[in-house]
Each structure stands twice: as C-alpha cells, then as structure tokens.
Amino acid sequence: MDHFDYVDGAMQVEQVPMAAIADAVGTPVYIYSTATLERHVSVFRAGLASLDNPLIAFAVKANPNAAVLATLAQLGLGADVVSGGELLRAVAAGIPADRIVFSGVGKTADEMRLALDHGIFQFNLESEPEAEMLSDVALSMGRRAPVAYRINPDVDAGTHAKISTGKSENKFGIPYDRALESYAAARDLPGLDVQGVAVHIGSQLTDLAPLEAAFVKVGALVEKLRAAGHDIRTADLGGGLGVPYDPSQPLPPSPADYGAMVTRVTQDWPVRLMFEPGRVIVGNAGALLSRVVRVKQGAKAPFVIVDAAMNDLLRPSLYDAWHDIRAVAPTGERAAANVVGPVCETGDTFAMHRDLDVVQAGDLVAFMTAGAYGATMAGTYNSRPLTPEVLVTGDKWAVVRARPPIEALIEGDTIPDWLAQ
Ligand code: LLP
C-alpha cells in the first residue's frame, strides 16, 4: 500500500499534487511519501510483534537519503550498513550506534576502526581473514569487536541471479559446513567477542520457502554452537522480502506472513533476532517523476521518450526489472507503447510494448515502486546530473537533495598542467 493516489483525475502524493513538484523542481525527480514509510515500518513491526525486542536495522543501501534515514530513525529503526560512508550517514541521521550492524565482504581496516570508534552493535563477518583483521584492529584500539559470522546456507533464493546471495558459489558468507571450524578459530582471536550468527540469501524474494530453509539451518547452527560453548546471543535473519512491482502478478508474501513464519521457526531460539529489511520499507514509498520529451513512431509501437533515463533508475536495464508506469493525469485512453530514456544505449529502456496510458510530449509520468535502489544507484552517465529527491508529508514537501548544476559535474574534473593553455 502506498500514498500515491488519483484525486480529481491527477496523481497526488499524500496531499501534494505531483505536478506541483514537477513545476517547482523540474524533472526527473524522486518523490518519497512519509506516510508510506511510516506505514511500512508499522506493518513490518506488527509482523514481528510476538518476538522479544527484535532489532530492525534498515538496509541503508536501499535508500540512504538523509531525510529518509532521519524519518526511519525517528520511528526507532536501526541501520544495516555496508561501508564507512553508510555508517556516517546513518549516524548523522540520528540512528544510534547500538542499533547499527556492519555487513559486507570487503570491510577495510579504516572502516573497521571507524565502526569500532562509534561502538556499533555488531559486525557481520564474511571470512576468516576478515575476522583476523578485525581482531587485530580492535586490539590495536584496546577494544573487542562484537561479531557474528554470516553463513552461506547454500539455498537458492529463487530471485534474479544478480541479487541472489545464498548459494555456495556466491561470494557471500562462510560455508555452512565449515562454520564450526570458523567459529572455533574466531573464539581464539582475542579482539573478537563472538555473539551471533547472520544470514541473507537475496533480495526481492517472492516465496518464503527459501527463507525458511535458510533460517532452519541458522537455528541448527545456533544450537550446535551453543553446545560447543559459544555464547551465541543474536541471530540476524537479513532482509530480502519482496514487494509488488507488477499489479498483474500474484502478491509477494506480506510482512505478516513473513513474521508468522519467523515466529514459528525461531520460537525456541535463545537469542535476540535481528532483521535487515530494505526494499519492503522504502520500495513503494517512492516514485520517479518524469516528463515526456516527445513521442516517436516505432516499428510496432510508439516510443515514448521521457526525460528520465537508465542513469536515474538503473533497475530495468540491470535486472530487466518491471516498474509500473502511470500517467500523472490519465485521459482514460490506453495503448501499447515503448518507454525509453534519452541515453544512447538500447539498454536505456524502461518498458517494451507495454499497455500504457496514452501520453504526449509535456505530460508527466510516474515510475512507481522506485523508493528502493532508485536514487541510490543513480549515476551521471551521458553527463546527466544526479536526480534530485523530494520528501512529502501531508500537505508539506521539501527538496531533500537538490539537483546539482551541470557546472558541478564539469568542475569536478581537473585538466592537468600539461594540457592547460
Ligand atoms: N542485508 C544485506 C546483507 C544485503 O546485502 C541486503 C541487500 C539487504 C539486507 C536488504 O535487502 P532487501 O530487504 O532490500 O531485499 N539493487 C538490487 C538489490 C540489491 C540488494 C543488495 N543487498 C535491486 O535493485 O533489486
């Protein structure tokens, strides 16, 4: 559910007409709805209501905008970060360090130092060499680092290959079958306090079965580790719950279904559960608003050329992802069309031969469910400035990331002496 609705024939976000934002800020522009963020946090929390004090750490990579993070901080969420940059963003937005978990296969010594300095809740380690490095870094600071190992359960998440992480051939986690050895080695590292187990098998999961299979393996490991004398107090079940992108497809499991499964599987675990949801919190809370530049005849269907491109919303070209595309002021007429951006690649295509609201040059269209992995994956390819972002609450709105002037892009480069005239 979201708060992008048609009122008197035109799309509004909460009480603000989309067209008013386009007129003031220009297009393309990302627009986020606070009420939708609030709703998704409360629905996710309600799904986990029967657990004792779970830590919900928002996966910052899904949407690191400071205003979005501040909204989630006020709602009491923690953060799952994967770089020093994400850690600093989370802290700056008011997320307390004791709600921050640090994931990722390539943490550097500098990033470890930064996270130890802030006193984060947990490092999710992904290899034995990483454990050794963190122990050394912590010791050099006179500290002990609270850690979990992310295990690779060798479970197929059944999602797009580029966002599957839990198969043995993927780069993530330690092999499940070697976990006891890895934990025994970690116990001997004086800079580590081994407190948990973690798992994350992929993103945009539309079936609970692979998640359940992975969680069952985590539960068995927690039991074995405790029997071997490890003081395991946390289990981090990662993120991954899918969201509806295509209204013609069956709905993915709801947070209530997910929570019921988690509650059933984990009922005897003597640990605090942690979660790292990203998409399910922010996905439907955002839309990318764009204006039609022109409509061009195509061989089979017209090309609707919009002013947003693959650099603004990469998901369709990278994962063949489907985003609902709606006219902001539909006439009621519909026809097949191809929706493309201005970038000089055929991959800069948002939809082919899609049944769409008929639109003309100058009309506004909204790419829905763009709040997760949208602006955060934007780039400046074709020398297009980064997309601005707007946050709405009720009848108020604010630019929460301004559109940079093109000069900023140009001035970012330097011409060396030998080329200067
Ligand atoms: N935890 C870890 C360790 C992760 O790697 C991720 C996402 C999450 C949590 C959050 O997963 P979520 O709840 O959002 O599914 N750019 C891709 C998605 C990449 C996901 C990367 N990891 C996309 O646009 O679909």
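Domain bounds here come from an automatic or database domain assignment. With that settled, open your viewer and remember that this is a predicted model.

**Stop 1: the two domains**

Select residues 4–31 together with 283–411 and give them one colour: that is domain 1. Now select 34–279 and give this stretch another colour: that is domain 2. Notice that domain 1 is made from two separate pieces of the chain. How far apart do the C-alpha centres of domain 1 and domain 2 lie? The distance between these centres is 32 Å.

**Stop 2: where the domains meet**

Next, turn to the boundary between your two colours. Here 21 residues of domain 1 are in contact with 23 residues of domain 2. Together the two domains bury about 2000 Å² between them, and 53% of this area is on carbon and sulfur atoms. Select Tyr319, Trp322 and Tyr373 and show their side chains. This trio supplies 27% of the area that domain 1 buries against domain 2, more than any other three residues.

What kinds of links will you find across the boundary? The number of salt bridges between domain 1 and domain 2 is zero, but there are nine residue pairs in polar contact, with both partners at pLDDT 80 or more.

Stay on the domain 1 side and colour three elements: α11 (315–319), β20 (389–393) and β21 (396–401). Each of them supplies at least two residues of the side that touches domain 2. Which element gives the largest share? Strand β20 does, with four residues. Sorted by type, the residues on this side of domain 1 are nine nonpolar, seven polar and five charged.

**Stop 3: some backbone surprises**

Most residues other than glycine have a negative phi, and most peptide bonds are trans. Keep that in mind for the next three selections.

- Select Tyr373 again. You will find this residue in the loop between β19 (364–367) and β20. Tyr373 is not a glycine, yet its phi is positive, at about 60 degrees. Is Tyr373 buried or exposed? Its relative accessibility is 15%, so Tyr373 counts as buried.
- Move to Asp320, in the loop between α11 and β16 (325–327). Asp320 also has a positive phi, near 55 degrees, without being a glycine. Asp320 counts as exposed because its relative accessibility is 70%.
- Now go to Thr27 and Pro28. The peptide bond from Thr27 to Pro28 is cis, with omega near -5 degrees. Pro28 sits in the loop between α1 (18–25) and β4 (29–33).

**Stop 4: salt bridges**

The structure holds 14 salt bridges. Let us visit some of them.

Select Asp80 and Lys61. They form a salt bridge in which the closest N and O atoms are 3.8 Å apart. The two partners are 19 residues apart in the chain: Asp80 is in strand β6 (residues 78–81), while Lys61 is in the loop between β5 (55–59) and α3 (66–74). Asp80 has a relative accessible area of 2%, so this residue is buried. Lys61, with a relative accessible area of 30%, is partly exposed.

Then select Glu126 and Arg150, whose side chains meet in a salt bridge at 3.0 Å, N to O. Glu126 lies in the loop between β8 (122–125) and α6, and Arg150 is in strand β9 (residues 145–152), 24 residues apart. How accessible are the two partners? Glu126 is buried at 4%, and Arg150 counts as buried at 9%.

For another pair, pick Lys167 and Asp154. Their salt bridge has its closest N and O atoms 3.4 Å apart. Both residues are in the loop between β9 and β10 (174–175), 13 residues apart. Lys167 is partly exposed at 25% relative accessibility, and Asp154 is partly exposed at 37%.

To finish this stop, select Asp193, Asp231 and Arg233. Salt bridges that share partners join these residues into one network.

**Stop 5: Glu130 and its surroundings**

Your last selection is Glu130, in helix α6 (residues 128–140). The relative accessible area of Glu130 is 5%, so this residue is buried. Which residues is Glu130 in contact with, leaving aside its neighbours within four places in sequence? Show Gly104, Lys107, Met112, Asn124 and Leu125, and you have them on screen.

Note on methods
Residues numbered from 1 in each chain as written. Heavy atoms only, no water. Buried < 20%, exposed > 50% of the residue type's maximum accessible area, 1.4 Å probe, protein only. Contact = heavy atoms within 4.5 Å. Buried area = accessible area lost by both parts, 1.4 Å probe. Salt bridge = Lys/Arg side-chain N within 4 Å of Asp/Glu carboxyl O. Polar contact = N/O pair within 3.5 Å; in protein donor to acceptor, adjacent residues only side chain to side chain. Nonpolar A, V, L, I, M, F, W, Y, C, P; charged D, E, K, R; others polar.
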